[in-house]
Amino acid sequence: MIESKILKKAFQVHDKIKHLGTDEDMINSADMLGNLVKVISENVMLRRQLEYTKFIKKK
């Protein structure tokens, strides 16, 4: 699933920043990672709702 690939890459970037960047960089990276998780979760939920709606209309 593309979402898991995006999250994996974002976490890798965050991990590198933790070791190489400043504290501010690390906080910004963690915020970015949190926002990605939120957006991806919303997209997955919307996709599931859409599939459910299509399923109900077929009945």
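Here are three short exercises on the chain above, each with a worked solution.

This is a predicted model, where local features need pLDDT of at least 70, side-chain atom pairs count only at pLDDT 80 or more, and totals for chains, interfaces and linings use all residues. Numbering runs from 1 along each chain as its sequence is written, and side-chain values use heavy atoms, leaving out hydrogens and water.

**Exercise 1.** Work out what radius of gyration the chain has, and what a compact globule of 59 residues would have.

Start with the rule: over C-alpha atoms, take 2.2 Å times the number of residues to the power 0.38. For 59 residues that lands near 10 Å, but the chain has 16 Å. Next, check the box: the C-alpha atoms fill roughly 55 × 15 × 5 Å along the principal axes.

**Exercise 2.** Find which residues make the nonpolar surface patch of about 330 Å².

Look for Y52, F55 and I56. To join a patch, nonpolar side chains (Val, Leu, Ile, Met, Phe, Trp, Tyr) must be within 5 Å, with over 30% relative accessible area and no salt bridge (a side-chain nitrogen of Lys or Arg within 4 Å of a carboxyl oxygen of Asp or Glu). Now take I56: this residue sits in helix α2, residues 23-58. I56 has a relative accessible area of 40%, so it counts as partly exposed (between buried, under 20%, and exposed, over 50%; 1.4 Å probe, protein chains only).

**Exercise 3.** Place M32 and say how far A10 is from it in space.

First, M32 belongs to helix α2. Its relative accessibility is 38%, so M32 is partly exposed. Finally, go C-alpha to C-alpha: A10 is 8.5 Å away from M32, with their positions 22 residues apart in sequence numbering.

Conventions:
Patches are made of residues with over 30% relative accessible area and no salt bridge: like charges are joined within 9 Å, nonpolar side chains (Val, Leu, Ile, Met, Phe, Trp, Tyr) within 5 Å. Accessible areas come from the Shrake-Rupley method with a 1.4 Å probe; for residues, only the protein chains shown count as cover. Helices (H or I, at least four residues) and strands (E, at least two) are DSSP runs, numbered from the N terminus.
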